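Here's a quick briefing to read alongside the model. Have the sequence and the 3D view open as you go through the points.

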Amino acid sequence: MASYEKVGDTWTVRYREYQSDGSTKNVRKSGFARKRDAQDYFESIKSQIKKRNEQINSPAHILFEDMVGAWYDYKRGRTKESSFYTARGKVEKHIVPAFSGRYFDEITVSDILAWQEALPAAGLSHSYRAGLRALLASIYKFAARYHEAVNIIDRVEPPRSTEKKHEMQFWTREQFQAFIEKVDRPIYSLLFRTLYVTGCRKGEAFALTWDDFDPVACTLSISKSITRKTNGAAYAVTTPKNAASARVVDIPHGLASDIAAVRSPETRGDAFIFGGTAPLPEETVRRLFKIWSAKAGVPRIRIHDLRHSCASLLISEGISIVAVSKRLGHKNIEQTLNTYSHMMPRDNEKMLAALEGI
């Protein structure tokens, strides 16, 4: 609604506009020769005023960091604790600073594109940048569903990779043997042998208790994982990565005997095999792994690459991809094929021989 007033020889129009902070402002526009001119002016901007007022009263008209806070509340409890804190750390470091202090519904497609194109300058890999975009997309999806926001990130083309694909790192049987000969502390030797033989994730290995070990059947029952990404605690026991990750893994008799030999008679069943009342400190394990690797003169790999080493060894020995997938605890065989298909032997000559004469 507008009001009109003649002051001297000119007409003035007055109207009210909402401001970003929710308050209202009385606007006065003067200098019109006729009342009709003032009315025409107001009619020309009325739709803009209406749109602006609707925007300000929209649930999406909150500060970006407040929307992210609402997203945190939504995600907490819906994802694993370790995944939540990992995601929150990335959002706080790489996303919030780029849009902080701005209203969520005023961020544009150009703003998101500029943020995305600036990420390579921070030295971030393509996969890491793609992960950050996925986090921002999750925030926008939440805002669209629960705060009536427009999901504009879908209009921004995802970043393309120009990086050369890195070869998967792994140790051969001989390289692992050279490494393990340098490990002079029994519990660490057992840990690394278990990782290499079972192909389990390091969090799954850290979570193993004596109740999970069957020395007669020579099996390890994997049903949980250790995460160090917690809210203040040194570690937390969580569920494994997915449903398929819960599995029973057969181990060689020699490894089973060596594990059984380090258990004291008074050790409780809920004690950690690799640690005791608490799992081994991950930083200590990582530091010693590097030291012993250097002493052995083997290629430098991550502890997680022992899992790849297990898969590589089994595939090279002709073990079926289905069996490898189950041992690794993959959610489906496609995941295993996507990860390790390049390691599989070429069977073209065998195929041609089988088809010969048909």
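Helices and strands here are DSSP runs, at least four residues (H or I) for a helix and at least two (E) for a strand, numbered from the N terminus. With that in hand, Glu 148 can be placed in the loop between α5 (126-146) and α6. Keep in mind that this is a predicted model. The main topics are a pocket, two nonpolar cores, some strand pairing and a few single residues worth a look.

**The largest pocket**

- The largest pocket holds about 1,400 Å³ of space.
- Its lining is made up of 34 residues, and those closest to the pocket centre are Lys 202, Lys 229, Lys 241, Arg 302 and His 304.
- By type, the lining splits into 15 charged, 14 polar and five nonpolar residues.
- Elements that each give at least two residues to this lining include α3 (81-99), α8 (202-206) and β6 (225-227). Further along the chain, α10 (282-296), α11 (305-316) and α13 (333-340) each do so too.

**Nonpolar cores**

- The largest nonpolar core has 41 residues, and Phe 179, Leu 191, Phe 192 and Leu 306 touch the most other members.
- At least two residues of this core come from each of α6 (173-180), α7 (186-198), α8, β5 (219-222), α9 (253-261) and α10.
- The top contributor to this core is α7, with six residues.
- Which residues does Leu 191 contact, leaving aside its neighbours within four places in sequence? They are Ala 205, Phe 206, Phe 274, Leu 280 and Val 285.
- Apart from this core there's another, with 30 residues, among them Trp 71, Leu 135, Ile 139 and Phe 142.

**Strands and sheets**

- Strands β1 (residues 3-7) and β2 (residues 10-18) run antiparallel and are joined by five bridges.
- One pair to look for is Glu 5 with its bridge partner in β2, Thr 12.
- β1 and β2 make a hairpin with two residues between them, and Gly 8 in the turn has a positive phi of about 70 degrees.
- Elsewhere, three strands make an open sheet in the order β4-β5-β8, with antiparallel pairing.
- Why does one side of β4 (213-214) and of β8 (247-250) lack a neighbour in the sheet? Both stand at the edges with a single partner strand each, so one side of each is left free of a neighbour in the sheet.
- Two bridges hold the antiparallel pairing of β4 and β5, and Phe 213 has Leu 220 as its bridge partner in β5.

**Residues to check by eye**

- Most residues other than glycine have a negative phi, which makes the next two worth a click.
- Glu 148 isn't a glycine, yet its phi is positive, near 60 degrees. At 61% relative accessibility, Glu 148 counts as exposed, because the cut-off for exposed is over 50%.
- Cys 218 also has a positive phi, about 60 degrees, without being a glycine. Cys 218 sits in the loop between β4 and β5.
- Is Cys 218 buried or exposed? With 4% relative accessibility, Cys 218 counts as buried, because buried means under 20%.
- Lys 326 is part of helix α12 (residues 321-328), and its 62% relative accessibility makes Lys 326 exposed.
- Lys 326 and Ala 246 are 80 residues apart in sequence, while their C-alpha atoms are 9.9 Å apart in space.

Definitions and conventions
Residues numbered from 1 in each chain as written. Predicted model: local features only at pLDDT ≥ 70, side-chain atom pairs only at ≥ 80, totals over all residues. Heavy atoms only, no water. 1 Å grid on protein atoms, 1.4 Å probe; cavity = no way out; pocket = protein on both sides within 12 Å on 5 of 7 lines; lining within 4 Å. Points joined across faces, edges and corners; volume = space filled by probe spheres on them. Nonpolar A, V, L, I, M, F, W, Y, C, P; charged D, E, K, R; others polar. Core = buried A, V, L, I, M, F, W, Y, C linked by side-chain atoms within 4.5 Å. Buried < 20%, exposed > 50% of the residue type's maximum accessible area, 1.4 Å probe, protein only. Contact = heavy atoms within 4.5 Å. Pairing = 2+ DSSP bridges.
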